[in-house]
Amino acid sequence: MRKGGRRLTYTDRLMIERMIAVGQSNEMIAATLGCSGMTIYRELRRGGGREKYTADYAQQQLK
């Protein structure tokens with residue numbers, strides 16, 4: 001599991017986008033990335049929601 005305090009990278013966001021596209025659950029995404037389900041929930045909210053999520057949009061929201 002990932003250590004606390006490390007932020008999601010653009011590569012992580014691309015993985016989230018791909019996993020959503022194939023129908024993976026938030027829990028499975030979190031387990032794959034080694035983070036909490038709450039981190040995925042917040043990331044999806046930042047990126048426009050599960051239906052609209054794109055790694056590029058989520059990355060832009062950090063600026």
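Let me begin with a word I will lean on throughout: a residue counts as buried when its relative accessible area is under 20%, and as exposed when that area is over 50%. What you have in front of you is a predicted model, so please hear everything I say with that in mind.

With that cut-off in hand, take R13, which sits in helix α1; its relative accessibility is 4%, and because that is under 20%, R13 counts as buried. What surrounds this arginine? Leaving aside neighbours within four places in sequence, R13 is in contact with L8, E43, R46, Y53, A55, A58, Q59 and L62.

One of those partners, Y53, deserves a moment of its own. Y53 lies in the loop between α3 and α4, the latter being residues 55-60, and at a relative accessible area of 6% it is buried as well. Its contacts, again without residues up to four places away in sequence, are R13, I16, E17, I20, E43, L44, G47 and A58. Y53 and I16 are 37 residues apart along the chain, yet their C-alpha atoms are separated by 8.7 Å.

Now let me turn to how the helices pack. Helix α1, residues 10-21, and helix α2, residues 26-33, meet at an angle of about 145°, with 10 Å between their axes, and the crossing is right-handed. On the α1 side the contact is made by D12, M15, I16, M19 and I20, and on the α2 side by M28, I29, T32 and L33; by type, these divide into seven nonpolar residues, one polar and one charged.

Which residues of α2 are buried? They are I29, A30 and L33, and they lie on the same side of α2 because they cover an arc of only 100° around its axis. The face turned away from that buried side carries E27 and A31, which are exposed. The cover over the buried residues includes α1 and also α3, residues 37-46. Just after α2 ends, G34 takes a positive phi of about 75°.

Finally, these pieces come together in the largest nonpolar core, which has twelve residues: L8, I16, M19, I20, I29, A30, L33, C35, I40, L44, Y53 and A58. Helices α1, α2 and α3 each supply at least two residues of this core. I40 is a useful place to look within it, since, residues up to four places away in sequence not being counted, I40 touches I16, N26, I29, A30, L33 and C35. As a general matter, nonpolar side chains in soluble globular proteins tend to be buried together.

Key: Residues are numbered from 1 along each chain as its sequence is written. This is a predicted model: local features need pLDDT of at least 70, side-chain atom pairs count only at pLDDT 80 or more; totals for chains, interfaces and linings use all residues. Side-chain values use heavy atoms; hydrogens and water are left out. Axes are lines fitted to C-alpha atoms, for helices over the stretch in contact, and angles run from 0 to 180 degrees between N-to-C directions. Helices (H or I, at least four residues) and strands (E, at least two) are DSSP runs, numbered from the N terminus. A crossing is left-handed if the near helix is turned anticlockwise from the far one by less than a right angle, and right-handed if clockwise. Contact means heavy atoms within 4.5 Å. Ala, Val, Leu, Ile, Met, Phe, Trp, Tyr, Cys and Pro count as nonpolar, Asp, Glu, Lys and Arg as charged, and the others, Gly among them, as polar. Buried means under 20% relative accessible area, exposed over 50%, partly exposed in between (1.4 Å probe, protein chains only). The arc is that of the directions from the helix axis to the C-beta atoms. A nonpolar core is a set of buried Ala, Val, Leu, Ile, Met, Phe, Trp, Tyr and Cys residues joined through side-chain atoms within 4.5 Å.
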